[in-house]
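Colleague: Before we discuss the assignments, may I ask you to show the model and then justify the terms applied to it?

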Amino acid sequence: MVKEEAIRVYTKFFATIREITGKPQDTLQLSPRSTVKDFLKELSNRYGKKLSDHILDGKGGLRESLSLLVNGQAIDLTKLAITELKEGDLVVILPPIGGG
């Protein structure tokens with residue numbers, strides 16, 4: 001049986017998330033067939049409770065006020081647990097957009 005290599009998933013941080021992480025971007029190593037929800041869990045583990053409280057709802061999903069894109073495509077918040085990531089994907093969590 002061949003063991004599958006971890007995949008690298010890239011992320012960029014904006015606004016408050018950048019302030020919390022202290023970085024503009026990062027790279028996470030995940031297991032093959034990891035989902036967006038797995039990515040969020042790993043990100044929360046890496047950056048701690050302050051980030052987790054900011055981005056996650058009480059069920060471990062993304063807060064409704066935030067948007068999540070994979071390679072520039074918006075992901076429906078109800079599909080985080082079934083949307084698989086692959087090597088080289090770029091995941092971005094965007095804050096609410098205000099305007100007037």
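**Strands, faces and burial**

Modeller: Let us begin with strand β1, residues 7-12, in which I7, V9 and T11 form a covered face and R8, Y10 and K12 an uncovered one. In a regular strand the side chains alternate between the two faces of the sheet. As to the basis, this is a predicted model, in which local features need pLDDT of at least 70 and side-chain atom pairs count only at pLDDT 80 or more, while totals for chains, interfaces and linings use all residues. Residues are numbered from 1 along each chain as its sequence is written, and side-chain values use heavy atoms, with hydrogens and water left out.

Colleague: What makes a run of residues a helix or a strand, and how many of each has the protein chain?

Modeller: Both are DSSP runs numbered from the N terminus: a helix is H or I over at least four residues, a strand E over at least two. On that basis the protein chain has 3 helices and 5 strands, and from the N terminus on their order is β-α-β-α-α-β-β-β.

Colleague: Why is the protein chain called as compact as a globular protein of that length?

Modeller: The radius of gyration, taken over C-alpha atoms, is set against the globule rule, 2.2 Å times the number of residues to the power 0.38. The value for the protein chain is 13 Å, close to the 13 Å that the rule gives for 100 residues, so the chain is as compact as a globular protein of that length. Along the principal axes, its C-alpha atoms fill a box of roughly 55 × 25 × 25 Å.

Colleague: What makes two strands a pair, and in which sense do β1 and β2 pair?

Modeller: Two strands pair if DSSP finds at least two bridges between them. Strand β2, residues 25-30, is joined to β1 by 6 bridges in the antiparallel sense, with Q25 of β2 as the bridge partner of K12. Strand β5, residues 90-94, runs parallel to β1 and is joined to it by 3 bridges; here L90 of β5 is the bridge partner of Y10. Strand β3, residues 67-70, runs antiparallel to β5 with 4 bridges, and V70 stands opposite V91 in β5.

Colleague: What is the strand order of the sheet, and why is one side of β2 and of β4 left without a neighbour?

Modeller: The 5 strands form an open sheet in the order β2-β1-β5-β3-β4, with mixed pairing. β2 and β4 (73-74) stand at the edges and have a single partner strand each, so one side of each is left without a neighbour in the sheet.

Colleague: Why is S34 called buried?

Modeller: The term buried means under 20% relative accessible area, exposed over 50%, and partly exposed in between, with a 1.4 Å probe and protein chains only. S34 has a relative accessibility of 7% and therefore counts as buried. This residue is placed in the loop between β2 and α2 (36-47). Leaving out residues up to four places away in sequence, S34 touches T83, E84 and L85, where contact means heavy atoms within 4.5 Å.

Colleague: How do you know whether S44 is buried or exposed?

Modeller: Its relative accessible area is 9%, so S44 is buried. S44 lies in helix α2 and touches S52, I55 and L56, again not counting residues up to four places away in sequence. Over the protein chain, buried residues make up 35% of the 100 residues.

Colleague: Why does K41 receive another label?

Modeller: K41 has a relative accessible area of 56% and is therefore exposed. K41 is likewise placed in helix α2. The C-alpha atoms of K41 and L56 are separated by 9.1 Å, the two residues being 15 apart along the chain.

Colleague: What makes the phi values of A15 and R33 worth listing?

Modeller: Most residues other than glycine have a negative phi, and most peptide bonds are trans. Phi of A15 is near 55°, a positive value in a residue other than glycine, and phi of R33 is near 70°, also positive. A15 belongs to helix α1, residues 15-21, and with 42% relative accessibility it counts as partly exposed. R33 is in the loop between β2 and α2; its relative accessible area is 54%, so R33 is exposed.
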